[in-house]
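Welcome, and thank you for taking a look at this one with me. Below are some numbered notes to read alongside the structure.

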Amino acid sequence: MRRLGPDELGDAGVWRSHLGRKASMRLRLRGDSQHPFTEAIGVIQAVRTDATGAEVVVVVNRRGEEREVRLADVLAAKVF
């Protein structure tokens with residue numbers, strides 16, 4: 001297990017180096033002041049740029065569902 005440092009969380013190259021590994025992330029939720037955080041757990045499938053130009057990491061959970069996570073919203077992460 002490796003905890004990513006604050007300087008690594010927004011670095012797409014760091015995330016690309018962990019493709020295929022399981023990750024656990026704490027994320028910032030926008031627009032919900034009562035519940036400002038959520039989490040994503042799964043295998044890192046891809047790192048890409050979305051339609052708005054933001055870098056995202058694609059995580060696949062154990063049910064096979066893909067979730068795009070903006071790197072700017074990742075507050076903490078561990079890779080296994």
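1. A definition first, since the strand pairs below rest on it: two strands pair if DSSP finds at least two bridges between them. With that in hand, look at Leu-27, which stands opposite Thr-38 in S3. Please keep in mind throughout that this is a predicted model.

2. Now the overall plan. The chain has one helix and six strands, and along the sequence they follow the pattern β-α-β-β-β-β-β. The radius of gyration is 12 Å, close to the 12 Å that the globule rule gives for 80 residues, so the chain is as compact as a globular protein of that length. Along its principal axes, the C-alpha trace spans about 35 × 30 × 25 Å.

3. How do the strands line up? The six form an open sheet in the order S1-S6-S2-S3-S4-S5, with antiparallel pairing. Strand S1 (2-3) and S5 stand at the edges with a single partner strand each, so one side of each has no neighbour in the sheet. S1 is joined to S6 by two bridges, and these strands run antiparallel; here Arg-2 stands opposite Val-79 in S6.

4. The middle of that strand order is worth following by eye. S2 and S3 pair in the antiparallel sense over seven bridges, while six bridges join S3 to S4, also running antiparallel. One pair to find is Ile-44 with its bridge partner Val-59 in S4. S3 and S4 form a hairpin with five residues between them, and Gly-53 in the turn has a positive phi of about 95 degrees.

5. Thr-38 makes a good landmark in strand S3. Is Thr-38 buried, partly exposed or exposed? Thr-38 is partly exposed, at a relative accessible area of 27%. Not counting residues up to four places away in sequence, Thr-38 touches Met-25, Arg-26, Leu-27, Leu-29 and Arg-67. Thr-38 and Leu-75 are 37 residues apart in sequence, yet their C-alpha atoms lie 10 Å apart in space.

6. Next, the inside. The largest nonpolar core has 18 residues, and those with the most contacts inside it are Trp-15, Met-25, Val-57, Val-69, Val-74 and Ala-77. Helix H1 (12-16), S2, strand S3 (37-49), strand S4 (55-60) and S6 are the elements that give two or more residues to this core. Try centring your view on Ala-77: leaving aside neighbours within four places in sequence, Ala-77 is in contact with Arg-2, Arg-3, Leu-4, Leu-9, Trp-15, Ser-24 and Met-25.

7. His-18 deserves a stop too. His-18 is found in the loop between H1 and S2, and at 6% relative accessibility His-18 counts as buried, because the cut-off for that class is under 20%. Apart from residues up to four places away in sequence, His-18 touches Arg-2, Leu-4, Ile-44 and Val-79.

8. On to charged pairs: the structure holds six salt bridges. Arg-28 forms one of them with Asp-73, the closest N and O atoms being 3.6 Å apart. Why does this pair tie together parts of the chain that are 45 residues apart in sequence? Arg-28 lies in strand S2 (residues 22-28) and Asp-73 in the loop between strand S5 (66-70) and strand S6 (74-79), so the salt bridge spans that separation. Arg-28 is partly exposed, with a relative accessible area of 34%, whereas Asp-73 counts as buried at 9% relative accessibility.

9. Asp-73 has a further partner in Arg-70, with the closest N and O atoms 4.0 Å apart. Arg-70 counts as partly exposed at 33% relative accessibility. Arg-28, Arg-30, Arg-70 and Asp-73 are linked in a network of salt bridges. Elsewhere, Arg-63 forms a salt bridge with Glu-65, with the closest N and O atoms 3.3 Å apart; Arg-63 is exposed at 59% relative accessible area, and Glu-65 counts as partly exposed at 42%.

10. Finally, some totals for the chain. Of its 80 residues, 35% count as buried. Among contacts with a separation of 6 or more, residues 24 or more positions apart account for 46%. The chain exposes about 5100 Å², and carbon and sulfur atoms supply 47% of that area.

Notes: Residues numbered from 1 in each chain as written. Predicted model: local features only at pLDDT ≥ 70, side-chain atom pairs only at ≥ 80, totals over all residues. Heavy atoms only, no water. Salt bridge = Lys/Arg side-chain N within 4 Å of Asp/Glu carboxyl O. Helix = DSSP H or I, 4+ residues; strand = E, 2+ residues; numbered from the N terminus. Buried < 20%, exposed > 50% of the residue type's maximum accessible area, 1.4 Å probe, protein only. Core = buried A, V, L, I, M, F, W, Y, C linked by side-chain atoms within 4.5 Å. Contact = heavy atoms within 4.5 Å. Rg over C-alpha atoms; globule rule 2.2 N^0.38 Å. Areas by Shrake-Rupley, 256 points an atom, 1.4 Å probe, with all protein chains shown as cover.
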